[in-house]
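User: I would like to go through this model with you, one topic at a time. Could you put it on the screen?

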Amino acid sequence: MFLMAAAAVLPSCGALFGAPAAAAPPCRGSRRRRALFPVEAMASAAQQVRAPRKPLAPPREVGRPVAHSLPPQKREIFESLNSWAADAIVPLLKPVESCWQPQDYLPDASSESFGDEVRELRARAREIPDDYLVCLVGDMVTEEALPTYQTMLNTLDGGVRDETGASPTSWAVWTRAWTAEENRHGDLMNKYLFLSGRVDMRQIEKTIQYLIGSGMDPKTETNPYMGFIYTSFQERATFISHGNTARHARRYGDAKLAQICGTIAADEKRHESAYERIVAKLFEVDPDYTARAFADMMRKKVAMPAHLMYDGRDDGLFARFSAVAQRLGVYTARDYADIIEFLVRRWGVADLTGLSGEGRRAQEFVCSLGPRFRRLEERAQAARASKDEAEFAPFSWIYDRQVQLI
């Protein structure tokens, strides 16, 4: 699902629509510049002294949520697209009988050779460095928070949500089946890490429980225009993150783990195609409002779905995890810029005509973002390279072993 981490760095996932913010896009001053990057300001932000947390509260304050920003007349658009979604979106799901399952990639507990297979898995896992394990765990934790993501999709207005829990609408069928497909990702990664013996599963399980309890703050305003732009961005970020973890696993000699991560990445790519197709249709039938929604989303920045990650100890856990992913190249600020430029091209934003004044300003803003992010990342990269000493931090997921952040 959405990652970093995303990871998913995961990829970061973040906010969506309503009327575009009137404020100018952040582009001047060091404070504003840092705020642009979801994977920057990590290690230093994680060192800040924080007030004691309330029980069951998220590790950080979230802004007052905005809800129901979808204008009433826009609801009819999604209602009219229900049959289109049946033909164009639902077929991107795979029948259960033809789907892979986690057990296809794991030792068979009913087999006489189970013990030998587990020992082989653990032998391969011993070659995996701690920093890569941190990225793998962070991605897995993000995937395991799946109940939150289904909840988010079921907050969307416009006839998109599953009103009864078993609604027959195309939108509801998609959400339930998408969730079922995504559910396999966390299951597979969780079982692999458990069998590897390299991580503290109790700390990881606490992190998952905290994250699901904290929820997420994507700033989608229960607006399906924003919601589907957000998911388009996030699924691509997850595809990139899992694809990069697959390449790392292969480099460390674990071909089975590389296959696992690559298989998950392929799922994310297929899901990305579905959400991008939805937004492309919105640009076709309602280009002005969709362009404004896209700009609004980018002004808020796309926050990762696991941005409220917490392990019971470290309020800055997500920032640290993201810093490691940035350093290893699993998910980076450059990837963030790439995704923006990809979506601008995919949806033909630069070629839109007949927009209102507000729509044209939104168009110009999103088309300028990619190059702007790249310039800022170049400066940030130079700043990181000029540091005299590396920064390290312990991660409870790997028994408090120290991992380099930057």
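Analyst: The following turns discuss the annotated site, the aromatic residues and the salt bridges of this predicted model.

User: Let us start with the record. Which residues does the UniProt annotation "binding site" cover?

Analyst: According to the UniProt annotation, which belongs to an unreviewed entry, the binding site covers E143, E182, H185 and E268. These residues span 126 residues in sequence, but no two of their C-alpha atoms are more than 11.2 Å apart, so they gather at one spot.

User: Where are E182 and E268 found?

Analyst: E182 is in helix α9, which runs over residues 170-196. E268 is in helix α12, residues 255-285.

User: And is E268 buried or exposed?

Analyst: E268 is buried, with a relative accessible area of 0%. E182 also counts as buried, at 1% relative accessibility.

User: With which side chain does E268 make a polar contact?

Analyst: The partner is H185: the two side chains make a polar contact at 3.2 Å. Both residues are covered by the binding site annotation.

User: Changing topic to the aromatics. How many aromatic pairs does a search of the whole structure find?

Analyst: The search gives 18 aromatic pairs. One of them joins W100 and Y105 in an edge-to-face arrangement, with 5.8 Å from centre to centre and 80 degrees between the planes. Both W100 and Y105 are buried. Another edge-to-face pair consists of F294 and W347, at 5.2 Å centre to centre, again with 80 degrees between the planes.

User: Which parts of the chain does that last pair link?

Analyst: The pair links distant parts, 53 residues apart. F294 belongs to helix α13 (residues 287-300), whereas W347 is in the loop between α15 (333-346) and α16 (357-385). F294 is buried at a relative accessible area of 1%, and W347 counts as buried at 6% relative accessibility.

User: Which residues form the aromatic cluster?

Analyst: One aromatic cluster is formed by F78, W171, W174, W178, Y225, F228, Y275 and Y289.

User: Which residue lies over the face of W100?

Analyst: That is R184, placed 4.1 Å from the ring centre. There is also R299, which lies over the face of F365 at 4.4 Å from the ring centre.

User: R184 leads on to the charged residues. With which residue does R184 meet in a salt bridge?

Analyst: The side chain of R184 meets that of D267 in a salt bridge, at 2.3 Å from N to O. This pair links distant parts of the chain, since D267 is in helix α12 and R184 in helix α9, 83 residues apart. D267 and R184 are both buried.

User: Which network of salt bridges do they belong to?

Analyst: D267 and R184 are linked with E181 and R270 in a network of salt bridges.

User: How many salt bridges does the count come to?

Analyst: The count comes to 27 salt bridges.

User: Let us take K300 next. Which residue forms a salt bridge with K300 at 2.5 Å?

Analyst: E221 does, with the closest N and O atoms 2.5 Å apart. E221 lies in the loop between α10 (201-214) and α11 (224-251) and K300 in helix α13, so this pair ties together parts that are 79 residues apart in sequence. K300 also meets D296 in a salt bridge, at 3.4 Å from N to O. D296 and K300 both lie in helix α13, four residues apart, which is about one turn of the helix.

User: Is K300 buried or partly exposed?

Analyst: K300 is partly exposed, with a relative accessible area of 22%, because buried requires under 20%. E221 is buried at 11%, and D296 counts as buried at 2% relative accessibility.

User: One last residue: where is E276 found, and what is it in contact with?

Analyst: E276 is found in helix α12 and counts as buried at 3% relative accessibility. Leaving aside its neighbours within four places in sequence, E276 is in contact with S232, R236, F342, L343, R346 and W347. W347 appeared earlier as the partner of F294 in an edge-to-face aromatic pair.

How values were computed: Residues numbered from 1 in each chain as written. Predicted model: local features only at pLDDT ≥ 70, side-chain atom pairs only at ≥ 80, totals over all residues. Heavy atoms only, no water. UniProt positions renumbered as here; feature names shortened; annotations may be inferred. Helix = DSSP H or I, 4+ residues; strand = E, 2+ residues; numbered from the N terminus. Buried < 20%, exposed > 50% of the residue type's maximum accessible area, 1.4 Å probe, protein only. Polar contact = N/O pair within 3.5 Å; in protein donor to acceptor, adjacent residues only side chain to side chain. Phe/Tyr/Trp six-rings, centres within 6.5 Å; stacked < 30°, edge-to-face > 60°. Lys NZ or Arg CZ within 6 Å of the ring centre and 35° of its normal. Salt bridge = Lys/Arg side-chain N within 4 Å of Asp/Glu carboxyl O. Contact = heavy atoms within 4.5 Å.
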